[in-house]
Amino acid sequence: MKKPRKHPATFVLRLYISDSTVKSERAVVNLKRVCEEHLNGRYHLEVIDIHKQANLARDEQIVAVPTLIKQLPLPLRRLVGDMSDLNKVLFGLDLRMQEQ
Amino acid sequence: MKKARQPNSKTLQKALTGIQGLDEITGGGLPSGRPTLVSGGAGSGKTMFGLEFLVRGATQYGEHGVFMSFEETIPDLTKNAASLGFDLNELVADKKLFLDHVHISRSEIAETGEYDLDGLFIRIADAVQRVGAKRVVLDTIEALFAELPNPGILRAEIRRLFGWLKEKGLTTVITAERDRPDKLTRHGIEEFVSDCVILLDHRILEEISTRRLRIVKYRGSTHGTNEYPFLIDEQGISVLPISSLGLDHPAPAIRISTGIARLDGMLGGKGFYRGSSILLSGTSGAGKTSVAAHFVDAACRRGERCLYFAFEESPRQIVRNMRSIGIDLEPWVGKGLLQFQAARPTYGGIEQHLLVTHKCVSSFKPSVVVVDPITNLLMVSTLHEVRSMLTRMVDFLKTQQITAIFTSLTAGSGSLEASEADVSSLMDSWLQLKSIEVGGELNRALYVLKSRGMEHSNQIREFLLTNDGLRLLDVYLGPEGVLTGAARVSQEGREKAAGTFRRQQMEGRGRELDRKRQIFEARMVALRAEFEVEEETIQQSISESKLLDEELLQDRGQMVRSREADASAYTKEGSAPVARRR
């Protein structure tokens, strides 16, 4: 578990899923848990189903699903997968300095 | 998802690509509703292949398309397509084409577990639906391996994608990069495409680039198995079938003049057949271009179009040089009847030349084509390839009923080059131009080695390149062979002298005869005079003796009367003994 910065930034996260596949559902559950545990109110998460919004997928260059885009704080990061690998999720969100 | 394979015993539906020549060798295009893998090295023309497949589909066959670009951005793609003469923006605006650039930067990506390619599926499905597409191009999907983690998942997803495309009945072209000769694709995705695999190749042989296309497999269809040369230019891709068309071209009986009256005379008085192919071979400087220029000039005078492929001289040089023998080609160029296509043979591979020929012929529609000289093509290729190219070219020109003249440079004098002998069987007529060396000078001679389907002279003719064209002369055959130039002139002199001598001799004999006749006549007069004198004397003596006879008879009568004998009895008895006594 990592020390938050002095002025912890608010995380802006977008999770792109498709329909309600098992992977997508798993990703939503996993991500929400991570956010609750590590960001504790300092986040804004939007879950977007691209199934009916192909243009969004195009604009955001979504190829793999699920894809999580961390828009803020910078740098922008993309996480692909069902978010089941906690270490990689935390590392990807810059909540952990190195992969364990 | 299941393996992308559906056993189908029905006849295979094909989708025309509209790519020149490809539909011929595939027997009607790519398998309709199935994926086709187009593999090739960097710069082998995969993207162009995909683009043209879509553009032709949209513009010619009413099948709209989706282009998923995994490498090039859409502005780059549009620009590249413009170089082939395709306006993608217009097609996109007309909703005939949908372009999508798929790009993810690897540096931003982290893998956190299982994923799928639903994002891609959704984008393709949406694009297909938007334009009502029947055709899809994925260029180059393997780029995803560099962008997404976990190749295992990716491979499975790509396989699922191909299956899905097939399920949707989309005719798909999947391009793939080939980086090793023993594999078709970098990541082995060819195993997911079982229907049709096309290999593009761009190789440099002796500094000359050649593009080739081969159909590696085409399930459920016969296809050409050769390597076919192809070209990419302003009009897109053209593939050249090597064995073309068979031998069913028309054979017109129309004859056209060579532009040299006496040469027409050597060819049964009428010249070549229209649509025939003519080989003009000869040593350098033998006058091949001049003969060809005469033919071109004659054709233009008839108002026919001529296409001149110059591999040795620039058009201006040809025009200038031909002016020196009194042929002015410039007006024909001005009138648009004559078109030059000049290029060094090394400018491109052999198939490029063939393609250029095809294109020029198709657009200019000439009646006469000159290729000067074909031997220069050997510089960029092997004899075998040149022969195969010429076969195709001759066939092509014949089907268009275009008369073609090929000049060929013979290296040595006398014996025929292997290339000539090899190529000559393709030709209907073969004129051999020769430099003959006699008495320290070179003179030009011409003869008709063969000319199918017409009677032709077997004579060797000397010709001169004069200020007003090529002039054929008779050649003197001396004991040592053909006499030309100065030797011919001196032979002419000798013959003239001999002629004079003979004439003098003849005149002398004539005079002698006259003399003899005069003598004879004089003698005849003398003899006649003599005869007349003799005749007179003889006549005289005859009449004298006649007179004498009569007198004798009278005398005898008087004597009888005077003896007063029995006159009648006496006469009887008397006359009888007289008769007896006589």
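Start by selecting Arg58(A) and Asp100(B): the two form a salt bridge, with their closest N and O atoms 3.3 Å apart. A salt bridge here is a side-chain nitrogen of Lys or Arg within 4 Å of a carboxyl oxygen of Asp or Glu. Between chain B and chain A the count is three salt bridges.

A word on conventions before moving on. This is a predicted model, where local features need pLDDT of at least 70 and side-chain atom pairs count only at pLDDT 80 or more, while totals for chains, interfaces and linings use all residues. Residues are numbered from 1 along each chain as its sequence is written, chains are lettered from A and ligands numbered from 1 in the order in which they are written, and side-chain values use heavy atoms, with hydrogens and water left out.

**Stop 1: the interface**

Now select the whole contact (heavy atoms within 4.5 Å): 28 residues from chain A and 27 residues from chain B. About 2200 Å² is buried between the two chains, and carbon and sulfur atoms give 52% of that. Buried area is the accessible area (1.4 Å probe) that two parts lose on being put together, summed over both. You can also look for 17 residue pairs in polar contact between chain B and chain A, both residues at pLDDT 80 or more. Polar contact stands for a pair of N or O atoms within 3.5 Å; within protein, one must be able to donate a hydrogen and the other to accept it, and residues adjacent in sequence count only if both atoms are side-chain atoms.

On the side of chain B that touches chain A, colour strand 5 (97-101), strand 6 (109-111) and helix 5 (118-131) of chain B, the elements that give two or more residues to it. Helices (H or I, at least four residues) and strands (E, at least two) are DSSP runs, numbered from the N terminus. Helix 5 of chain B brings the largest share, eight residues. By type, this side divides into 12 nonpolar, six polar and nine charged residues. Ala, Val, Leu, Ile, Met, Phe, Trp, Tyr, Cys and Pro count as nonpolar, Asp, Glu, Lys and Arg as charged, and the others, Gly among them, as polar.

**Stop 2: a sheet shared by two chains**

Keep strand 6 of chain B and add strand 4 (residues 77-80) of chain A: the two run parallel, joined by three bridges. Strands pair if DSSP finds at least two bridges between them. Arg78(A) is opposite Ile109(B) here.

Zoom out to an open sheet of five strands in the order 2(A)-1(A)-3(A)-4(A)-6(B), with mixed pairing. Strand 2 (43-49) of chain A and strand 6 of chain B stand at the edges with a single partner strand each, so one side of each has no neighbour in the sheet. Neighbouring strands are turned by 20° against each other on average, direction ignored. Axes are lines fitted to C-alpha atoms, for helices over the stretch in contact, and angles run from 0 to 180 degrees between N-to-C directions.

Next, pick strand 1 (residues 11-17) of chain A, which pairs with strand 2 of chain A in the parallel sense over seven bridges. One bridge to click on is Arg14(A) with Glu46(A). Helix 1 (residues 22-38) of chain A lies across strand 1, strand 2 and strand 3 (67-72) of chain A, at about 165° to strand 1 of chain A.

Follow the loop between strand 3 and strand 4 of chain A to Pro73(A). The peptide bond from Leu72(A) to Pro73(A) is cis, with omega near -5°.

**Stop 3: the nine-strand sheet of chain B**

Hide chain A and show the open sheet with the order 17-16-18-19-15-20-21-22-23 (chain B), again with mixed pairing. Its edge strands are strand 17 (338-342) and strand 23 (469-473) of chain B.

Strand 20 (residues 429-438) and strand 21 (residues 441-451) of chain B pair in the antiparallel sense over 10 bridges. They form a hairpin with two residues between them, and Gly439(B) in the turn has a positive phi of about 55°. Select Arg444(B): Ser435(B) stands opposite this residue, and Phe463(B) in strand 22 of chain B is a bridge partner of Arg444(B).

**Last stop: two loops in chain B**

Finish with Lys95(B), in the loop between helix 4 (88-93) and strand 5 of chain B; Lys95(B) has a positive phi of about 60° although it is not a glycine. Then go to Thr140(B), between strand 7 (133-139) and helix 6 (144-147) of chain B, where the peptide bond from Asp139(B) is cis, with omega near -15°.
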